[in-house]
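Work through the following exercises with the sequence and the model side by side. Each one sets a task and then solves it in steps.

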Amino acid sequence: QIICHNYGFLHFAKRFFSPLLVSLLESTETGTVEVHVSNHTSRGLPVIVRWEITDAAGKRIEEGRFDVEALAQRSVPAGRIGLEHLRAGSPPLPVEIQNCPHPPREADRDLLVWAWLEHEGAVCSENLAFLARPKHLLLQRPGISLELGPCTETTAEIMVGTDVASPWTQLESGAVEGDFSDNFFHLHPRHPRRITFQARGDLKAEAFLAGLRATPLLARSAP
């Protein structure tokens, strides 16, 4: 489980150990994103990787899918997503910003590549890639919505949504102690997240909702 308060780094650890995992390897030299699927189970499985290219606000530019036979205990290439046609004619970022052999281009600041790995109709892994550094992305300040769903004496269900792309969003429960099913994630404007919360004592819905906070990267990095 992902613990509330300041343990967002566990977001990464949880996904690294997923039995089925989609990984993305971006290249500013070729303008591509390589998609790989890792299967840590004992048998081969048919999976689907759905991908989408959006601008930094989350507006869809292109989408597609790869049908993959994920071999047991192996990592296999699923396909390649090309971005070069979206970067054509765009100048490189200034050397003082990106001092590397193949610097990102200005257009890269407005490109995000999302991927979802599906098996038997359910998403079991997801990832996000970009060619520019996160601090150079043209992210907009998101309007994040938190909607409280069914509650019991100790559990609550939360629907988290956003109007624009919101990478690295952290969910916190304020003074209410407990465990989220996930509390650090990339929010896509057309893919709201259903999160569960298990309190360590009695849960008062109104007090829990009042203290619930979803903090985007932009707010955490603001001076």
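**Exercise 1. Find the largest cavity of this predicted model, state its volume, and describe its lining.**

Step 1. The largest cavity holds about 40 Å³ of space, and a search of the whole structure returns two cavities of 30 Å³ or more.

Step 2. The lining of the largest cavity is made by Leu 139, Gln 140, Pro 142, Ala 165, Ser 166, Pro 167, Pro 216, Leu 217 and Leu 218. The elements that contribute two or more residues to this lining are strand S11 (166-172) and helix H4 (217-221).

Step 3. Sorted by character, the lining of the largest cavity comprises seven nonpolar residues, two polar residues and no charged ones.

**Exercise 2. Describe the second largest cavity in the same way, giving its volume and its lining residues.**

Step 1. The volume of the second largest cavity is about 40 Å³.

Step 2. Its lining consists of Trp 114, Ala 115, Trp 116, Glu 126, Asn 127, Leu 128 and His 186, and at least two of these residues come from each of strand S7 (112-119) and strand S8 (122-129).

Step 3. The lining of the second largest cavity divides into four nonpolar residues, two polar residues and one charged residue.

**Exercise 3. Characterise the largest pocket: which residues are the closest to its centre, and which element gives the most to its lining?**

Step 1. The largest pocket contains about 470 Å³ of space, and of the 19 residues that line this pocket, the closest to its centre are Arg 15, Val 123, Glu 126, Asp 182 and Arg 193.

Step 2. Helix H1 (10-16), strand S8 and strand S14 (193-199) each provide at least two residues of the pocket lining, with S8 giving the most, namely four residues.

Step 3. The lining of the largest pocket is made up of seven nonpolar, six polar and six charged residues.

**Exercise 4. Is Asp 182 buried or exposed, and what does its side chain reach?**

Step 1. Asp 182 is found in the loop between strand S12 (178-180) and strand S13 (184-187).

Step 2. The relative accessibility of Asp 182 is 6%, and because the cut-off for buried is under 20%, Asp 182 counts as buried.

Step 3. The side chain of Asp 182 reaches the backbone nitrogen of Phe 184 at a distance of 3.4 Å.

Step 4. Asp 182 and Arg 193, both among the residues closest to the centre of the largest pocket, are 11 residues apart in sequence and lie 9.5 Å apart in space, taken from C-alpha to C-alpha.

**Exercise 5. Describe how strands S9 and S10 are joined, and name the bridge partner of Ile 144 in S10.**

Step 1. Strand S9 (residues 144-151) and strand S10 (residues 155-162) run antiparallel and are joined by six bridges.

Step 2. Ile 144 has Thr 162 as its bridge partner in S10, and the connection from S9 to S10 is a hairpin through three residues.

**Exercise 6. How many disulfides are counted, and how accessible are Cys 124 and Cys 151?**

Step 1. A disulfide is a covalent bond between the sulfur atoms of two cysteines. With the cut-off for a pair of cysteine sulfur atoms set at within 2.5 Å, the count is zero disulfides.

Step 2. Cys 124 has a relative accessible area of 31% and Cys 151 one of 34%. Since partly exposed covers values between the limits of under 20% for buried and over 50% for exposed, Cys 124 is partly exposed, and Cys 151 is likewise partly exposed.

Key:
Residues are numbered from 1 along each chain as its sequence is written. This is a predicted model: local features need pLDDT of at least 70, side-chain atom pairs count only at pLDDT 80 or more; totals for chains, interfaces and linings use all residues. Side-chain values use heavy atoms; hydrogens and water are left out. Two strands pair if DSSP finds at least two bridges between them. Buried means under 20% relative accessible area, exposed over 50%, partly exposed in between (1.4 Å probe, protein chains only). A polar contact is a pair of N or O atoms within 3.5 Å; within protein, one must be able to donate a hydrogen and the other to accept it, and residues adjacent in sequence count only if both atoms are side-chain atoms. On a 1 Å grid over the protein atoms alone, a cavity is a set of points where a 1.4 Å probe fits but cannot get out, and a pocket is an open set with protein on both sides within 12 Å along at least five of seven lines; lining residues have an atom within 4 Å of a point. Grid points are joined across faces, edges and corners, and a volume is the space filled by probe spheres set on the points. Ala, Val, Leu, Ile, Met, Phe, Trp, Tyr, Cys and Pro count as nonpolar, Asp, Glu, Lys and Arg as charged, and the others, Gly among them, as polar.
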